[in-house]
Amino acid sequence: MSTTLVSSERAGRDRLLGRAQEIGQAEMAKLLARTGQSAQLFQRARRILPYGVASSFQKMQPYPIYVTRGKGSRIWDQDGTEYLDFHGGFGAMVVGHAHPRVVEAIQQAASRGTHFAVTTEAAVAFGEEICRRFHLEMLRFANSGTEATMDAIRVARAATGRDVVCKIEGSYHGHHDSVMFSVIPNADTMGGRERPASAPVSKGMVKDASKYIEVVPFNDADHLERVFAEKGGEIACLIMEPAMMNLGIVVPQPGYLERVRELCTRYGVVFIFDEIKTGFTIAPGGATERFGVQPDLICLAKAIAGGLPAAAFGGREDLMRLIEQGVSQQGTYNGNPLVAQVGLVVLTEVLTADAYRHFARLGTRLAQGCQAAIDRYHIPAHTVDLGAKGCVSYRATPMTNYRDFLETTPELFAASYPWLLNRGIFMTPGDEEQWTLSVQHTDADVDRYVAVFTEFCGALAG
Ligand SMILES: Cc1ncc(COP(=O)(O)O)c(C=O)c1O
């Protein structure tokens with residue numbers, strides 16, 4: 001490449017970053033000027049809640065936008081501003097807000113009692129429907145994705161008598177110590193490509209917990225085979241998101257999941273899909289159905305019960321029966337009757353085959369619309385389209401693993417975020433997330449997103 005070309009590319013990039021910074025600052029100033037009520041609530045909330053929020057994933061600089069209510073595809077913030085919601089409660093709200101059938105199911109279930117800590121027929125029926133969709137032989141309920149992955153890993157350790165958990169670099173599986181490694185490791189802590197380090201995410205974790213974790217790159221079955229050949233006898237399980245959804249979206253390359261399946265079988269490693277984001281969003285039977293590879297255990301949460309706190313994990317009967325032979329799996333609210341009844345209605349009456357056709361059509365309309373804007377204005381970005389989930393990632397070409405995510409341009413996301421918010425599009429606050437569509441989103445909602453995003457690309461291009 002000639003020096004002139006390199007320097008003109010650099011100048012183009014500098015111009016783009018300069019524009020992004022200007023847009024980001026101007027839009028953030030507008031955002032702060034019109035969200036005074038959120039600012040006030042933040043002052044109150046921060047006295048009792050660290051960062052002023054209920055979960056650290058909700059924090060935002062300088063303060064979060066607090067929400068008062070939602071209906072259909074829309075939500076309203078503390079200042080009364082209406083937004084189209086593409087955040088979708090971090091992927092839980094594929095039913096949309098206050099869906100009439102969900103509201104009715106909640107009212108009916110609540111009127112019969114909200115909690116017994118005794119299993120109900122609804123819990124059994126809800127479980128049967130999940131087993132049917134994901135080809136699980138047995139399952140157990142939990143209350144969050146974190147609990148589901150924690151319990152699945154315990155079952156895997158008991159089954160194999162091994163301690164080490166193998167996980168993918170750049171994946172998040174909840175906030176328990178076994179998996180809080182190398183979620184978004186920075187360049188200083190992530191180690192080399194050949195041997196990614198196990199970088200702890202949080203203070204307060206057991207000091208030598210990293211002894212029990214092995215981090216591998218996504219979409220690299222050769223690497224996994226080397227690790228299994230070297231350490232397979234110590235590895236209890238491999239836990240992975242079949243499509244990574246905490247870096248934008250990274251899809252599995254053809255043949256990758258099949259080879260991983262085969263390697264896990266060969267080395268006696270329990271293969272766990274974390275379908276907490278993909279399950280119920282990218283196909284009725286999640287990634288397991290969409291990519292046609294059956295793991296040994298599957299973890300589910302988020303979209304499972306219309307926005308109520310539910311989770312489950314399950315799979316092979318021989319593994320799940322270990323719960324009858326000394327593996328502890330419990331929880332006061334597991335299979336809670338309100339959650340189970342609503343979850344059953346959601347899965348059987350709302351998230352029907354038609355719902356998935358709707359997601360596919362709308363998702364493609366949104367992704368194609370955004371991609372057209374990216375192409376028209378030559379923005380270094382790409383879109384991913386996967387059912388109810390999809391994203392714009394600020395890297396010119398699709399990603400194959402975590403290291404590619406480090407080549408995205410966070411400055412462009414930082415400018416896009418307040419731009420979208422100020423024009424009525426509510427999105428997740430970080431570039432590692434993606435949009436979530438609901439059964440209540442319409443063509444017009446998606447077209448509005450595309451129009452606002454197209455204006456943004458035009459502004460960036462100057
Ligand atoms: C892939 C994945 N696994 C597990 C979790 C943890 O789920 P929860 O927040 O319900 O504990 C998340 C949460 O975002 C997730 O994205």
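How many bridges pair β11 and strand β12, and in which sense? I looked this up first: β11 and β12 (residues 389-393) pair in the antiparallel sense over 5 bridges.

**Ground rules for my notes**

This is a predicted model, in which local features need pLDDT of at least 70 and side-chain atom pairs count only at pLDDT 80 or more, while totals for chains, interfaces and linings use all residues. Residues are numbered from 1 along each chain as its sequence is written, and side-chain values use heavy atoms, with hydrogens and water left out. I take helices (H or I, at least four residues) and strands (E, at least two) as DSSP runs, numbered from the N terminus. Two strands pair if DSSP finds at least two bridges between them.

**Entry: the sheet of 3 strands**

I went on to the sheet that holds this pair. It is an open sheet of 3 strands in the order β11-β12-β14, with antiparallel pairing. β11 (382-386) and β14 (435-436) stand at the edges with a single partner strand each, so one side of each is left without a neighbour in the sheet. Within the β11 and β12 pairing, I found V384 opposite C391 in β12. Helix α12 (residues 353-377) packs on this sheet and touches β11, β12 and β14; contact here means heavy atoms within 4.5 Å. The direction of α12 makes about 175° with that of β11. For such angles, axes are lines fitted to C-alpha atoms, for helices over the stretch in contact, and the values run from 0 to 180 degrees between N-to-C directions.

**Entry: the sheet of 7 strands**

Next I traced an open sheet of 7 strands with mixed pairing, in the order β4-β10-β9-β8-β7-β5-β6. The edge strands are β4 (138-142) and β6 (213-216), each pairing on one side only. I noted an average twist of 20° from one strand to the next.

Starting from the β4 edge, I counted 5 bridges joining β4 to β10, which run antiparallel. M138 has G315 as its bridge partner in β10. β9 and β10 also run antiparallel, joined by 4 bridges, and here L297 stands opposite G315. Strand β8 (residues 270-274) and strand β9 (residues 297-300) pair in the parallel sense over 3 bridges, with D274 opposite C299.

Is β10 buried or exposed? In strand β10 (residues 311-315), 5 of the 5 residues are buried, so it is largely enclosed by the rest of the structure. I use buried for under 20% relative accessible area (exposed is over 50%, partly exposed in between; 1.4 Å probe, protein chains only). A311, F313 and G315 point one way from β10, and A312 and G314 the other.

At the β6 edge, strand β5 (residues 164-168) pairs with β6 in the parallel sense over 4 bridges, and C166 has E214 as its partner. Both faces of β6 are covered, with I213 and V215 buried on one side and E214 and V216 on the other. Helix α5 (residues 121-134) lies across β4 and β9, at about 120° to β4.

**Entry: a helix pair**

Last, I checked helix α4 (residues 100-111) against helix α11 (residues 337-350): their axes come within 9 Å and cross at roughly 150°. α4 and α11 are therefore roughly antiparallel, a label for angles over 145 (under 35 degrees is roughly parallel, 65 to 115 roughly perpendicular, the rest oblique). Residues making the contact include V102 and I106 of α4 and V342 and V346 of α11.
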